[in-house]
Structures are given as C-alpha cells and as structure tokens.
Amino acid sequence: MFIFAEWSHQLHSMGLVHIIGIVSAVLFGIGGGFLAKKTKTPEKVYAVTGITLIVLELLKLFFMISTTGTYPLEKIPFQICTVELFFLWAVPLVKNEKVKNGMIAYTVIGLMAASFYYVKPSTILNSSYIFLSLQAMVWHNIVIMIGVFSIVYYNIYGKKGKRYIIDGYILWLVLTFVAIILDVICAKTIPEANINFFYLSPIQDSVTYPMLNLLFKKPSPYPIYLISFIIYYSLGVAALYGLLTGIDVIKEKHKAK
C-alpha cells in the first residue's frame with residue numbers, strides 16, 4: 001500500500017522535499033491571512049484546527065503501531081509547535097477572556113517555532129516512511145497557518161496586540177514549566193524513554209535550539225541552561241512582536257501618503 005511506502009533514499013537539507021515544505025509553509029501562511037479576512041466565525045477556525053491536529057496525531061499513532069508495533073513515549077506531541085493540539089479545539093468553550101486570549105496568542109508563538117523548524121526539519125528529513133514526513137510537513141504548515149490567522153484577525157501587534165502577546169507568553173511560560181517538571185521526572189524514572197518535552201530534558205545529548213547551542217553543548221549546568229532558554233525564547237517572542245508592530249507602522253505610514 002502507498003501509505004506504507006518508504007523513501008528510496010535519505011532526504012537532505014535543502015533538497016527537493018525540504019524546498020517543497022518551505023514553499024508549502026509559505027502558501028499555508030498566506031492562506032491563513034486570507035482566511036482571517038474572510039471568516040466571520042474565528043472560534044470555529046480554532047476548533048477545526050485543533051480537531052485536525054488531533055486527527056493527524058491519531059493517524060501517526062496508528063501508523064507507527066502498524067509499522068513498528070509501538071508508539072514511543074518520546075513522540076508524545078508536547079513541543080512548542082505541537083502542544084496546541086491539547087487546547088485549540090477548546091477555544092470556543094472557554095469563557096475566561098484572559099485564558100482564551102492566551103490560547104489564541106499562543107498560536108503566534110507556535111508560528112515562530114514552526115517557522116524555525118523548517119531550518120532543519122528533522123522529522124521530515126529523517127523519517128524512513130513518506131507518510132511520516134508528509135504528516136510532519138502538514139502539521140507544521142497548519143501551525144503556521146493558524147498563527148498567521150491569529151495575527152491578521154486579532155491584530156496581534158502594536159498597542160492593540162500587547163495584551164494578546166502577554167497572555168500568550170504567560171501560557172507559554174506555564175507550559176514550559178510543565179515540560180521541565182515532566183522532563184526531570186522522566187529523566188529520573190524512565191530515562192530509556194528519551195522524553196524531551198520542549199527539548200529541555202536534563203539528559204539530552206545535545207542542545208537543539210540555534211544560537212543557544214553555541215553556549216551549551218549539553219544542558220549543563222541545568223539551572224543555568226533553563227534560565228538561558230527562558231531568556232532566549234522570551235527575547236524571540238519580543239522580537240517577533242516588535243517585527244509585526246514595525247511592519248504595521250510602515251504599512252500605516254504608506255497608507256497615509
């Protein structure tokens with residue numbers, strides 16, 4: 001069956017598949033912007049996106065069990081660009097405005113992570129099976145799409161977007177601490193499972209994050225590494241918000257002429 005087909009050769013960075021992934025990500029992002037301009041029911045968009053991510057993850061689970069007989073715990077989707085699976089579907093159900101704004105704005109942080117993923121899309125390039133590569137590509141493209149959707153629909157930039165970014169950042173910070181706690185517990189109890197949520201495990205062989213891996217070959221000393229990561233990613237969120245705000249200022253000046 002085609003669904004179980006394997007790549008005939010090892011995929012490489014900036015090869016055809018990688019380039020197709022980048023182009024498709026840009027197209028999904030543009031599609032998210034158009035969708036934001038057309039829709040009148042944004043909460044349904046988040047619900048459908050969340051359900052789609054759940055379906056994609058279930059397909060991966062069934063595929064891996066069918067091909068390998070197991071679903072490794074390290075594959076649990078608790079990374080910065082996958083954790084939206086756990087809450088996007090619930091956006092229409094949440095009544096607390098601050099919590100809802102945090103869920104919505106987190107998609108902008110997810111957008112940043114999914115965009116950087118394409119610098120070195122490990123799952124896409126290293127999977128033996130075509131299905132797993134395509135699943136990872138579609139997943140990250142959807143995360144990019146919903147992030148752009150949020151930016152355009154809710155104007156997440158400038159003064160209007162500040163409260164969204166702050167609420168989204170708080171949610172990210174909470175999830176980061178959850179990931180750290182789980183990573184430490186798993187490192188002590190089931191180190192063989194290779195659990196590495198948010199890529200913050202104290203027993204990982206190397207540091208994944210660009211630039212940060214220049215300072216740390218391994219996550220040690222661990223407390224310093226964690227503090228550095230939080231500062232590193234916080235600066236990234238601030239830079240993204242500043243970039244979006246700057247683009248809006250230029251656009252408004254251009255309209256005024």
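**Exercise 1. Decide whether E97 is buried or exposed, then find its salt-bridge partner and place both residues in their helices.**

Step 1. The relative accessibility of E97 is 53%, and E97 therefore counts as exposed, where exposed means over 50% relative accessible area, buried under 20% and partly exposed in between, with a 1.4 Å probe and protein chains only. The model is a predicted one, in which local features need pLDDT of at least 70 and side-chain atom pairs count only at pLDDT 80 or more, while totals for chains, interfaces and linings use all residues. Residues are numbered from 1 along each chain as its sequence is written, and side-chain values use heavy atoms, with hydrogens and water left out.

Step 2. A salt bridge (a side-chain nitrogen of Lys or Arg within 4 Å of a carboxyl oxygen of Asp or Glu) joins the side chains of E97 and R163, with an N to O distance of 3.6 Å. This pair links distant parts of the chain, since E97 belongs to helix α3 and R163 to helix α6, 66 residues apart; helices (H or I, at least four residues) and strands (E, at least two) are DSSP runs, numbered from the N terminus.

Step 3. R163, at 42% relative accessibility, counts as partly exposed.

**Exercise 2. The structure holds four salt bridges; work out where the K100 pair and the E57 pair lie.**

Step 1. K100 pairs with E43, and their closest N and O atoms are 2.7 Å apart. This pair, too, links distant parts of the chain, with K100 in helix α3, E43 in helix α2 and their positions 57 residues apart.

Step 2. K100 counts as buried at 15% relative accessibility, whereas E43, with a relative accessible area of 29%, is partly exposed.

Step 3. E57 and K60 form a salt bridge at 3.5 Å, N to O, and both lie in helix α2, three residues apart, which is about one turn of the helix. An α-helix has 3.6 residues a turn, so residues three or four places apart point the same way. Both E57 and K60 are buried.

**Exercise 3. Describe the surroundings of T49 in helix α2.**

Step 1. Helix α2 covers residues 42-68 and contains T49, which is buried, with a relative accessible area of 6%.

Step 2. The side chain of T49 reaches the backbone oxygen of V45 at 2.7 Å.

Step 3. Once neighbours within four places in sequence are set aside, T49 is in contact (heavy atoms within 4.5 Å) with L88, I142, M145 and I146.

**Exercise 4. Characterise helix α5 and the largest nonpolar core.**

Step 1. Helix α5 (residues 130-154) has 25 residues and reaches 36 Å from its first C-alpha to its last, close to the 36 Å expected at 1.5 Å a residue, the expected span being 1.5 Å times one less than the number of residues.

Step 2. Because 21 of its 25 residues are buried, α5 is largely enclosed by the rest of the structure. N155, which follows α5, has a positive phi, near 50°.

Step 3. A nonpolar core is a set of buried Ala, Val, Leu, Ile, Met, Phe, Trp, Tyr and Cys residues joined through side-chain atoms within 4.5 Å; the largest one has 71 residues, with I80, F198, Y225, F229 and Y233 having the most contacts inside it. The helix that gives the most to this core is α5, with 12 residues.

Notes
A polar contact is a pair of N or O atoms within 3.5 Å; within protein, one must be able to donate a hydrogen and the other to accept it, and residues adjacent in sequence count only if both atoms are side-chain atoms.
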